[in-house]
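Good morning, colleagues, and thank you for the time. I should like to walk through one model with you, beginning with a local backbone feature and ending with the contacts between its parts.

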Amino acid sequence: MSFRPEILWSDALLFLLLAAVLAFVLHVRRHEHLRAPWLRVAQSRMGVVTAVILAGYAAIGVLDSLHFRPALPVAAREPVQYGNEVLSVLDVLAEPLRLRVETTYSEPFALHLYAKENLSLPDGGQMRDYPRLKYGGAHLADTAGRAGDIAWRAAVGVLWGAGLAFGFWLLAALSQAWRARGFVPAITQLLRAPEAAAWRTALVTLSLLLVLGSVLGRLSLDYHILGTDKVGQDVFYLSLKSIRTGLLIGTLTTLIMLPFALFLGVAAGYYGGRVDDVIQYVYTTLNSIPGVLLIAAAVLVAQVYVETHPELFDTAAARSDLRLVFLCGILGVTSWTGLARLLRGETLKLRELEYIQAARAFGVANLRILSRHILPNVSHLVLITVVIDFSGLVLAEAVLSYVGVGVDPTMASWGNMINGARLELAREPMVWWQLAAAFLFMFVLVLSANLFADSVRDAFDPRAGGRA
Amino acid sequence: MNGLALHDLRVEIAAGERRLAPVDGVSLAIGPRECVALLGESGCGKSLTALALMRLLPEGLAITGGEANLNGIDLFALPERAMQRVRGGRLAMIFQEPMLSLNPVLTIAQQIAEALSVHRSLKGAAAAEIQRLLLAVGLPVDLAASYPFQLSGGQRQRALIATMLAGEPQLLIADEPTTALDVTVQAQILRLLKQLQVEQGMSLLLITHDLDVARDMADRVAIMYAGEVVEWAAREALYEQPFHPYTQKLFSVLPSTRRRGERLDHIPGNVPPLGTVFPGCRFQERCAQAWDRCRHEAPALYELRPGHRVRCHLAVEARPGLSRPNLPQSSEVEPPADQPALLQVQDLAVHFPIRRGLFRRTVGAVKAVDGVSFEIRTGETLALVGESGCGKSTLARGILRLIEPTAGSVWLAGMEIGRLDSEALRRKRAEMQIVFQDPFASLNPRMRVGDVLEEGMQALRPELGRAERKALVVRLLGQVGLDASAALRYPHAFSGGQRQRIAIARALAVEPKLLICDEPTSALDVSVQAQILNLLKDLQREHGLAYLFISHNLSVVAYLAHRVAVMYRGRIVEEGAAPSILSQPLHPYTRLLLASAPGQGLPQIAVFSEKFAQLGCPFAPRCGDVQPICAERNPSLDTWQGRRVACHLYG
């Protein structure tokens with residue numbers, strides 16, 4: 001074998017989360033009353049568009065979570081040795097981006113470096129000028145042909161994207177062919193039928209994303225489309241790598257926070273009395289500690305632990321990963337209080353409802369009442385809160401990394417990118433692209449998540465669609 | 001023409017392509033000093049008619065046809081600014097829930113003053129006018145500075161009426177003004193409304209679902225069904241000889257003492273959902289007298305006699321050979337006389353501690369149930385009546401140990417429930433079950449009906465296998481008159497009456513001996529109420545169930561109960577056989593309750609304080625026969641002429 005799969009802690013948790021989401025989807029499909037609000041989400045154009053964009057982000061994040069360690073080249077018949085570098089599938093796919101490192105800053109689509117260097121002239125003399133980049137636009141002999149070259153390559157990218165998109169449309173039609181009794185009716189149905197409106201919206205969005213992705217992908221092979229950073233790494237590549245960090249912070253935190261919030265919130269509301277008092281004291285106390293300070297302290301503890309136990313972490317990736325998981329944990333511990341308070345209030349209301357009283361009159365055990373009567377009836381609140389909290393957590397990561405208590409500085413993240421760009425903003429001429437790239441990627445993700453949350457909330461609003 | 005003339009009102013909801021009309025061609029005329037009652041079951045469009053008159057329709061609904069003329073003003077043609085001056089001025093409306101209609105952060109005087117300044121430009125001299133208005137609605141003047149939360153429900157409704165009177169309305173619309181109130185307060189408010197209408201020369205449009213209230217109040221009555229007026233007549237004519245089959249049914253489904261032995265009539269089917277297309281008469285599907293013509297031709301509002309209009313083909317085409325169907329007479333279910341008591345409640349008390357301060361010290365107790373004793377035999381129905389807040393529902397929950405009683409004992413079939421440990425209590429729960437008031441809150445919206453019914457079996461009859469449970473679910477659904485396919489559907493697919501049947505089936509699933517019914521029909525329309533009452537009677541006859549039937553509706557009690565216990569302030573004040581209590585009440589409170597029941601022509605009821613006494617008999621401040629001893633000692637529940645009464649007048 002030329003590689004060994006490596007499952008980091010965060011990967012394991014992410015796969016667990018994916019499994020949970022899959023189980024939830026299957027569960028929803030089998031229950032009509034749960035399916036109905038999701039069908040309403042599918043009917044809203046905004047919901048479908050943002051869902052496809054989020055799925056795109058998620059796909060990149062998942063690709064970046066399939067980690068492995070490549071085998072080192074060794075002589076035959078010797079035991080295989082694996083490198084210390086942990087790579088992901090995304091790294092392999094984006095190998096040209098990863099390996100084409102310049103020496104320092106360069107502007108997007110630049111041909112020359114952003115800093116003057118001493119150049120040796122062919123005649124033996126020296127001159128101080130902006131050198132040509134080693135990789136960015138290196139194929140161009142004539143710097144004046146850049147615009148034409150970019151346009152040509154972009155056009156090729158559009159064609160690639162269109163081809164891919166066409167493939168997806170065919171695939172969608174084929175998958176419906178058996179139900180529509182024939183391929184042609186399936187296509188007309190896909191294009192015309194009002195029931196297929198959600199699929200059309202999804203496919204159109206996907207096509208646009210594919211075209212955009214192909215153009216960017218094609219161009220990024222020959223140019224640094226978002227420039228390079230201080231050590232010459234491609235900013236576009238870093239932004240893609242940051243997606244996983246952002247998604248993990250947003251989702252793993254939720255995974256860690258949910259059991260706390262669900263269990264404590266519902267228990268406080270249902271049992272009342274002393275249980276309620278204790279839980280309320282706990283979350284009031286937690287709320288009264290400034291979150292950033294608590295997080296800073298916890299992250300420092302984690303760092304000290306990593307440094308004093310080097311034998312537990314054989315790669316740099318494992319070290320920075322532990323810090324990420326720890327950050328998610330501490331964010332989860334500090335952020336469950338809001339949802340718990342919400343659930344406590346709702347449970348207080350539900351507890352007095354007559355169907356709960358009826359269940360108690362049957363002598364149904366408390367835990368069973370909680371799981372069959374209360375949980376299903378607060379699930380919409382949980383869902384809405386989780387989707388809304390997600391974007392807040394992505395932003396929190398950026399802020400914390402900027403402050404210096406976020407993820408490991410060696411890990412690609414939007415927060416680290418912004419932090420790195422901080423000093424260079426004062427430089428003349430300004431280095432703006434790192435900041436802009438981080439903002440652009442974060443903006444699209446957070447905006448999509450928020451708009452998606454809006455459609456979810458609308459769909460679950462009982463006033464909109466009668467009693468669900 | 002003076003008064004209100006409403007012609008051909010149509011209200012539409014825009015729902016995508018379709019245009020639904022919850023109010024479809026309603027015409028009404030209300031003369032000056034006249035009271036018209038708009039009567040119908042829920043969803044027939046009566047409230048929307050009122051809101052349309054006020055031009056206060058909720059978003060999404062619009063008036064798409066018709067004219068309304070109030071003393072020469074075309075209400076639907078007025079610009080919104082002018083309409084604002086009409087609303088609360090010459091046209092006023094009072095709503096069902098007085099707490100929601102008064103602003104909680106303004107005093108009563110401020111709210112009346114606002115109406116005075118807007119509609120009568122009275123600013124400085126308002127104080128005298130506020131006093132006059134408060135006196136007119138029977139409120140003490142010193143309440144002017146109180147906030148709504150300091151008033152009782154009846155006082156709030158009076159205050160709301162006072163603010164509405166401030167604009168000197170020519171037409172007052174009252175939308176179920178007393179539905180949220182207790183029967184004794186209802187009697188006072190209705191009397192007040194009638195008196196004000198006569199004295200001030202207002203027109204009154206009274207919206208109600210209660211035939212008895214309409215009988216007391218109205219000069220003319222309009223019966224609505226599915227967005228149309230189906231019968232329109234003077235009160236006397238309507239109550240003596242209702243013509244429309246729907247109106248006739250409304251009368252025949254009402255329970256009362258006279259019908260004790262009989263099965264109640266019922267209207268088959270449900271109110272047609274909004275958006276149904278009617279090729280013929282809207283009622284024909286549920287009408288026992290419908291024939292071909294009814295199915296194809298929508299009847300016009302024919303004039304039967306001058307002043308009596310009916311939307312029924314029977315008015316113009318005689319149908320010989322059709323007699324009113326005879327109802328199957330069921331004999332009265334008499335409980336076996338010499339049975340031992342199934343349920344014995346002795347000195348049961350439920351007190352809620354009042355906690356204050358940082359450490360939640362107990363500083364007192366609300367005595368919701370304060371020493372109640374009674375018995376129920378197998379196959380017997382004991383009705384528990386009383387006003388809201390008297391402790392009826394708390395008593396029911398205390399018996400079931402859903403709330404732990406503070407003192408006293410409950411014996412069910414010879415076992416004391418209070419002493420059972422949790423496992424024994426759990427098994428004992430199979431013998432007593434409860435049916436709740438609100439059919440929408442009593443079924444978990446996230447569970448299928450089949451799962452709802454199986455839940456109790458799983459908990460209390462673990463010996464049943466999966467297949468047996470499924471079979472039992474089908475049988476139970478059949479027993480309460482529902483289709484077996486109902487098991488696979490969710491509660492939201494059912495109407496209120498059907499949900500209440502499901503709730504009854506759920507209770508029956510564990511084969512209880514005692515069923516506690518906590519106001520099971522008060523959230524339902526009268527036609528559905530009749531179905532539920534019939535069902536309860538059938539079940540009692542077949543299974544020998546004992547019922548503890550909690551209700552505030554005396555006619556339901558008169559129809560169903562064998563014995564009646566009257567509760568006041570956590571105690572039983574009178575208990576005995578139903579016919580004798582309802583015909584010859586002894587305790588002054590029972591007399592007050594019976595006298596307040598609507599349908600008796602608004603008798604004058606002495607209004608005393610609504611306050612409770614701390615010492616002595618709690619009813620003394622409201623009592624007309626109060627004696628010196630009443631202020632000193634709380635009377636005990638003693639036997640007097642075959643029943644038990646707690647009053648110093650007897651014994």
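Let me begin with a term: the strands named here are DSSP runs of E with at least two residues, numbered from the N terminus. With that in hand, B:Ala413 can be placed in the loop between strand 16 (407-412) and strand 17 (415-416) of chain B. Please bear in mind throughout that this is a predicted model.

What is notable about phi of B:Ala413? The angle is near 45 degrees, which is positive although the residue is not glycine. Most residues other than glycine have a negative phi. B:Ala413 is partly exposed, at 37% relative accessibility. A second case is found in chain A, where A:Phe109 has a phi near 60 degrees, again a positive value in a residue other than glycine. A:Phe109 sits in the loop between helix 5 and strand 4 (117-120) of chain A, and its relative accessibility of 24% makes it partly exposed.

I turn now to the interior of chain B, starting with helix 6. This helix covers residues 153-165, and its end C-alpha atoms are 18 Å apart, in agreement with the 18 Å expected for 13 residues. Is helix 6 of chain B largely enclosed or largely open? It is largely enclosed by the rest of the structure, because 11 of its 13 residues are buried. Among the buried residues are B:Arg156 and B:Arg158, alongside B:Leu160 and B:Ile161. The elements against which the buried residues pack include strand 6 (91-94), helix 4 (108-120), helix 5 (126-136) and helix 7 of chain B.

B:Ile161 deserves a closer look. Apart from neighbours within four places in sequence, B:Ile161 is in contact with B:Ile94, B:Val137, B:Ile189, B:Leu192, B:Leu193 and B:Leu196. It also belongs to the largest nonpolar core, which has 109 residues; B:Ile161, B:Ile112, B:Met217 and B:Ile504 are the members that touch the most others. Helix 17 (residues 526-543) of chain B is the greatest contributor to this core, giving 8 residues. The core also takes at least three residues from each of domain 1 (96-168) and domain 2 (343-577) of chain B. Separate from it is a second core of 51 residues, which includes A:Leu219, A:Ala398, A:Trp433 and A:Phe452. In soluble globular proteins, nonpolar side chains tend to be buried together.

Next, the charged pairs. How many salt bridges are counted over all chains? The count is 53. I have chosen three that join separate stretches of a chain.

In chain A, A:Glu85 and A:Arg98 meet at 3.8 Å, N to O. A:Glu85 lies in the loop between strand 2 (67-70) and strand 3 (87-88) and A:Arg98 in helix 5 (residues 95-99), so the pair ties together parts 13 residues apart in sequence. A:Glu85 is partly exposed, at 48%, whereas A:Arg98 is buried, at 16%.

In chain B, the closest N and O atoms of B:Lys46 and B:Glu176 are 3.9 Å apart. This pair links helix 1 (residues 46-54) to the loop between strand 7 (171-175) and helix 7 (183-200), 130 residues away. Both partners are buried.

The third bridge, B:Glu228 with B:Arg282, has an N to O distance of 3.4 Å. B:Glu228 is buried at 13% relative accessible area, and B:Arg282 is buried at 15%. These two also take part in a network of salt bridges with B:Arg10, B:Glu12, B:Asp24 and B:Arg311.

Finally, the interfaces. Between the chains, 24 residues of chain A are in contact with 30 residues of chain B. Together they bury about 2500 Å², 51% of it on carbon and sulfur atoms, and 0 salt bridges are found across this interface.

Within chain B, domain 2 and domain 3 have C-alpha centres 28 Å apart, and their contact takes 16 residues from domain 2 and 18 residues from domain 3. They bury about 1500 Å² between them, 55% of it on carbon and sulfur atoms. B:Tyr568, B:Val573 and B:Glu574 supply 41% of the area that domain 2 buries there, more than any other three residues. Between these two domains, 3 salt bridges are counted.

Thank you; I welcome your questions.

Notes:
Residues are numbered from 1 along each chain as its sequence is written. Chains are lettered from A and ligands numbered from 1 in the order in which they are written. This is a predicted model: local features need pLDDT of at least 70, side-chain atom pairs count only at pLDDT 80 or more; totals for chains, interfaces and linings use all residues. Side-chain values use heavy atoms; hydrogens and water are left out. A salt bridge is a side-chain nitrogen of Lys or Arg within 4 Å of a carboxyl oxygen of Asp or Glu. Helices (H or I, at least four residues) and strands (E, at least two) are DSSP runs, numbered from the N terminus. Buried means under 20% relative accessible area, exposed over 50%, partly exposed in between (1.4 Å probe, protein chains only). The expected span of a helix is 1.5 Å times one less than its number of residues. Contact means heavy atoms within 4.5 Å. A nonpolar core is a set of buried Ala, Val, Leu, Ile, Met, Phe, Trp, Tyr and Cys residues joined through side-chain atoms within 4.5 Å. Domain bounds come from an automatic or database domain assignment. Buried area is the accessible area (1.4 Å probe) that two parts lose on being put together, summed over both.
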